[in-house]
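Colleague: I keep meeting labels such as "buried" and "antiparallel". Could you show me how they are earned?

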Amino acid sequence: MASCPTPEPGTGAILPSTLSATALRHLYASRALSPVEVLRDVLARIDRVTPRINAIVTPDPGAMEAARRSEARWAEGRPAGPLDGVPLTVKDNIAVAGLRCCWGSAAFRDHVPARDELPVVRLRAGGAVILGKTNVPEFTLEGHTDNALFGPTRNPWDPRLTPGGSSGGAVAAVAAGLGPLALGTDGGGSIRRPASHTGLVGLKPTPGRVPRAYGLPAILLDLEVIGPIARTTADAAALLAAIAEPAPLEDPASRGFTTFALPEAPPRLRIRYVPRFGEHPVDPGIAASVAGAARRLAALGHAVEEGPPPFEPEAVLPLFGTIGAAGLAWLLGSLPGNPAPASPALLAMAEAGRALSAGQLMAALDAMAAFRRGMTCFLAAGCDALLTPAAAALPWPAHESHPPMIDDRPAGSRGHAVFTNFANLAGLPGIALPCDPVAGLPVGFQLVGAPGADAALLAVAAEYEAAHPWADRWPEAA
């Protein structure tokens, strides 16, 4: 495990590519560093690290010109926003005008959107420098990052292993210093689990908190949201603030939200700590690390009590598979030639989706609506947040779709992901934060709050980070 900031060999100077977005903003304002200087260092790092981790699959050729425009704005004292000149990546299921958006599938190999998805529109307007698109599994429906177009993305902490998925390329980029920020998506834990596997902060916002428009088909309905991935809580909050302004005309789900802002002080939360879901196995090292995080939150003044999940996992969690299968089958049927996925798991999922009846799908949607009502009521009366591991397993080999065994027990294809999709099904915000590493690998815990509690979760995360910092943990591969 390396320590950051990393000094430039032979000079003792700090490498710009290791700095946070917050630090870059202050350095730009003081003229101590320029966006062009930062981009040159990040691009050199991309050239050096990409062969080992395969995080960025489509570079943005306009990055340097964007950095020069940003440099001019800072020189004139009129930056376009807090992220002006900050380099970041965009997950390859989020549309960026002029860059291919492959979605990990041969069916979208040549898809080049003509316009940016709404969060990207806002990032450009604020002066952010887009480095490129990050790798994903096919149709972003699997919990590791590999596909027939680009191959596997590897974990900077151990390139033999996966960073998880589906935001695997996004987290690998941030963990390796290929931009301090990444825009990801979370449909069933696709930000939170990969963040936990790479020692990062990953936020799944409340549906509607980040308005969406002009993107790919919504095969997971509002279960999938766009959210920030960063090394620090402050950076994650800054990225969320840049993309979270309500836009009721483009996305009616954003109606009712206000401009995003952190509270002046973190709230004291009533937290139910749920160490496992029923009989689903959890890696013992992860269990011990997350238990330590629970104790630390209690020491900060939060009321933490251990208890069972406030729902029956075996009744709720399968709803995700039904909705995902139906969405995939619908997508493939809408494409010319009804193409088959390259992934055997997705091929089986598509077949299952085609076999679903309208009644089965409506029953799943009705059960999800009831679950949302129940969880909202529980979080209004029973507690303020749930605390669980972010993932049940440590990272596994990069070419494998899932770990077949967890704690020496058969885990199934989604056993590693058991803790996350309930938040998507319930329409709740969730944040993954680093806790103590296990065997040299990052581990994360998650806090899931009530609808609209995104700012409260980030405030508590910042408090936890101040007491137990992690930003100086860097992988040797970076």
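The turns below take some labels one by one.

Modeller: One caution before we start. This is a predicted model.

Colleague: Why is Leu-181 called buried?

Modeller: Leu-181 has 0% relative accessibility. Buried means under 20%. Therefore Leu-181 counts as buried.

Colleague: Where is Leu-181 found, and what is it in contact with?

Modeller: Leu-181 is found in strand 5, residues 181-186. Leaving aside neighbours within four places in sequence, its contacts include Ala-21, Leu-83, Val-174, Ile-229 and Leu-239.

Colleague: What makes helix 5 largely enclosed?

Modeller: Count its buried residues. Eight of the eight residues of helix 5 (residues 168-175) are buried, so the rest of the structure largely encloses this helix. Among them are Gly-168, Val-171 and Val-174. After helix 5 comes Gly-177, with a positive phi near 85°.

Colleague: Why are helix 7 and helix 14 called roughly antiparallel?

Modeller: Helix 7 (residues 233-243) and helix 14 (residues 454-467) pack at about 160°. Angles over 145 degrees count as roughly antiparallel. Therefore the pair is roughly antiparallel. Their axes are 9 Å apart, and helix 7 passes helix 14 in a left-handed crossing.

Colleague: Which residues meet there?

Modeller: From helix 7 come Thr-233, Ala-236, Ala-237 and Leu-240. From helix 14 come Asp-454, Leu-458, Ala-461, Ala-462 and Glu-465. By class, this contact has six nonpolar, one polar and two charged residues.

Colleague: How do you know that strand 5 and strand 7 pair?

Modeller: Pairing needs at least two bridges. Strand 5 and strand 7 (residues 225-230) are joined by six bridges, so they pair. These two strands run antiparallel. One residue shows the link: Ala-182 has Ile-229 in strand 7 as its bridge partner.

Colleague: What is the strand order in the open sheet, and what makes strand 2 and strand 9 its edges?

Modeller: The open sheet has 11 strands in the order 2-4-3-5-7-6-13-14-10-8-9, with mixed pairing. Strand 2 (56-59) and strand 9 (303-306) each have a single partner strand, so one side of each has no neighbour in the sheet. From one strand to the next, the twist averages 25°.

Colleague: How do the two helices lie on the strands?

Modeller: Helix 7 lies across strands 3, 5, 6, 7 and 13, at about 145° to strand 7. Helix 14 lies across strand 6, strand 13 and strand 14, at about 10° to strand 13. Angles under 35 degrees count as roughly parallel, so helix 14 is roughly parallel to strand 13.

Methods. Residues are numbered from 1 along each chain as its sequence is written. This is a predicted model: local features need pLDDT of at least 70, side-chain atom pairs count only at pLDDT 80 or more; totals for chains, interfaces and linings use all residues. Side-chain values use heavy atoms; hydrogens and water are left out. Axes are lines fitted to C-alpha atoms, for helices over the stretch in contact, and angles run from 0 to 180 degrees between N-to-C directions. Helices (H or I, at least four residues) and strands (E, at least two) are DSSP runs, numbered from the N terminus. Angles under 35 degrees count as roughly parallel, over 145 as roughly antiparallel, 65 to 115 as roughly perpendicular and the rest as oblique. A crossing is left-handed if the near helix is turned anticlockwise from the far one by less than a right angle, and right-handed if clockwise. Contact means heavy atoms within 4.5 Å. Ala, Val, Leu, Ile, Met, Phe, Trp, Tyr, Cys and Pro count as nonpolar, Asp, Glu, Lys and Arg as charged, and the others, Gly among them, as polar. Buried means under 20% relative accessible area, exposed over 50%, partly exposed in between (1.4 Å probe, protein chains only).
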